[in-house]
Amino acid sequence: MTIHIDMGTAEAGRPATIDLEELLATRLLVQGNSGSGKSHLLRRLLERSAGHVQQVIVDPEGDFATLAEPFGHVVVAAADYSASELARFAARARAHRASVVLSLDELDAEGQMRSAAAFLSALFDAPREHWYPALVVVDEAQLFAPAGGGEVAEEVRRASLGAMTNLMCRGRKRGLAGIIATQRLAKLAKNVAAEASNFLMGRTFLDIDMARAADLLGMERRQADAIRDLERGSFLALGPAISRRPIAIRIGDVETRARGVAPGLTPLPEISAEDLKQTLFDGLEDAPPPPPPAPPPPPPAETVLARLDTAAEPAANDPSAPAVDAEESARIVAEALGALVADPESDGRGPAVLFADFQVRCRMMGLRSPPLDAAAFARRLAAARAGIYDDASPEWAPAIRAAHGLPDEMLGAFLCIARAAREGAPCPSDEELARVYGTSSVGRARRVLSYIEERDIVVTRTDLAGRRSITIPSLGWTTEPAAA
């Protein structure tokens, strides 16, 4: 299933879209001077993708807290908690796929870097069963991945830079899609910026930043001046998730606003100089006004953790949602798996992306909370690729037992063999085993078969004509000979 996020308009009034699944695999870099519209762009992307994918926002200015009410994000004020508590929040958000805003606006630069490092590292270190797809948006990324040393402690800089590097360089396999925005490319660590394959370049004026932006966009140096002439809210875009050649796009409107306001001209008060002087100086000798009331204490960590537990599944608690019985739920799951396997675009995609696609398909068919976690989905998908959509059926129970101990990703290849052996059909070819395994590499399929055979689960025999047959000794099932 392909999901296109509407970002606004492109050249000649055509819609400007971002392929969400491609974005999850290829990451995004946004650059623009202050006032160029970077935050507006990020807000548009977050609002339009909120219903399709988990979102984690590292927010140094507290601008994105306003997403909480309309879109259900959980706001975590980092200044109120320790680094270990922030790590627990991140792990819990990863497990429950809760969208989170990490608000850092009340911290100094070193505190922001410490908090971001702890939070991002915990996202990255989540166990494999929690590797769900998520957009990880880092605004003002040059603060967390600086190109050079600064006034913060070296250990803090290294921790923050390491977390950002892991996000951009190694996060894809863990389902983490880094989206970083910066005012200046020259201030952002090159190894972090280099991992993005999609670019949205806004207005900038310094020659060094224009030259780097032009290089990333594949433009000649003499064309770099076009970046200086961009209007607020307009960006040059390039990348596999956006366009194969640089195009100019204008970002559309957003539903929410930041808590702060952009500076604008307002009329000065109509008051004489004498009255203004009296207003400023009168009453200075009086007692000072009482101090403002103390702000309310932050919610305890347990409260935030509980909120993360429930934020990801609001529909499950909706009393107006129609109930789905077990039989109907099983039918929807089987139908969604069948559609997923039949989709030619599903081949080669990672399990985290496919799991998100599966959940969307189930919701579209009326099943708001599919009864499969990521691990169970991986096994059911493997069985579905082998043509078995109900692996709980008694007729397949012996085969499932025979596969005990195999990694989940190999179950499909084994069940493909088991199905052919049970039905007396020709032995699956290496190409067929590769397709079921989710790869285009025939060599990898052969290694999978060797792995299964080494564990005495199957026995392979090749006759003098070069035809292969496979036997499952524990079941007494054997395929018909066929070319490998």
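A salt bridge is taken here as a side-chain nitrogen of Lys or Arg within 4 Å of a carboxyl oxygen of Asp or Glu. On this criterion, Asp6, Arg44 and Arg48 are linked in a network of salt bridges, and a search of the whole structure, which is a predicted model, returns 16 salt bridges.

The protein has 484 residues, of which 47% are buried, and its secondary structure comprises 18 helices and 15 strands. Of the contacts in the protein with a separation of 6 or more, 70% are accounted for by residues 24 or more positions apart. The exposed surface amounts to about 23,700 Å², and carbon and sulfur atoms supply 52% of that area.

Among the salt bridges are three for which both partners lie within one helix, in α5, α6 and α12. In the first of these to be described, Glu110 is joined to Arg114, with the closest N and O atoms 3.3 Å apart. Because Glu110 and Arg114 are four residues apart in helix α5, which runs over residues 109-124, about one helical turn separates them. An α-helix has 3.6 residues a turn, so residues three or four places apart point the same way. Both partners are partly exposed, Glu110 with a relative accessible area of 26% and Arg114 with one of 41%.

A salt bridge also connects the side chains of Glu154 and Arg158, at 3.1 Å from N to O. These two residues belong to helix α6 (residues 154-170), where Glu154 and Arg158 are four residues apart, or about one turn of the helix. Glu154 is partly exposed, at a relative accessible area of 37%, whereas Arg158 is exposed, at 57%; the latter value places Arg158 in the exposed class because that class begins over 50%. Helix α6 also contains Ser160, and the environment of this residue is a buried one, since its relative accessibility of 2% falls under the 20% limit. When neighbours within four places in sequence are left aside, Ser160 is in contact with Met113, Ala117 and Phe144. Two of these contact residues, Met113 and Ala117, fall within the range of residues 109-124 that forms helix α5.

In helix α12, the side chains of Arg331 and Glu328 meet in a salt bridge with an N to O distance of 2.6 Å. Arg331 and Glu328 are three residues apart in this helix, which covers residues 326-342, and they are therefore separated by about one helical turn. Arg331 counts as partly exposed at 41% relative accessibility, and Glu328 is likewise partly exposed, with a relative accessible area of 30%. Glu328 can further be related to Gly366, from which it is 38 residues apart in sequence, while the C-alpha atoms of Glu328 and Gly366 are 9.8 Å apart in space.

Turning to the strands, β5 (residues 74-77) presents two faces, a covered one formed by Val74 and Val76 and an uncovered one formed by Val75 and Ala77. Strand β5 pairs with strand β6 (residues 100-103) in the parallel sense, over four bridges, and Val76, from the covered face of β5, has Leu102 as its bridge partner in β6. The connection between the two strands is made through helix α4 (residues 83-96), and the resulting β-α-β crossover is right-handed.

Helix α16 (residues 408-423) was examined for its length and its surroundings. Its 16 residues should span 22 Å at 1.5 Å a residue, and because the C-alpha atoms at its ends are 23 Å apart, the expected and computed spans agree. The buried residues of α16 are Met410, Leu411, Gly412, Ala413, Phe414, Leu415, Cys416, Ile417, Ala418, Ala420 and Ala421. The elements that cover these buried residues include the helices α14 (374-385), α15 (397-402), α17 (430-437) and α18 (442-454), together with the strands β13 (467-472) and β14 (477-478). Just after α16, Gly424 adopts a positive phi of about 65 degrees.

Terms used: Residues are numbered from 1 along each chain as its sequence is written. This is a predicted model: local features need pLDDT of at least 70, side-chain atom pairs count only at pLDDT 80 or more; totals for chains, interfaces and linings use all residues. Side-chain values use heavy atoms; hydrogens and water are left out. Buried means under 20% relative accessible area, exposed over 50%, partly exposed in between (1.4 Å probe, protein chains only). Two strands pair if DSSP finds at least two bridges between them. A crossover is right-handed if, with the strands pointing away from the viewer, the path from the first strand over the helix to the second runs clockwise. The expected span of a helix is 1.5 Å times one less than its number of residues. Contact means heavy atoms within 4.5 Å. Accessible areas come from the Shrake-Rupley method with a 1.4 Å probe; for residues, only the protein chains shown count as cover.
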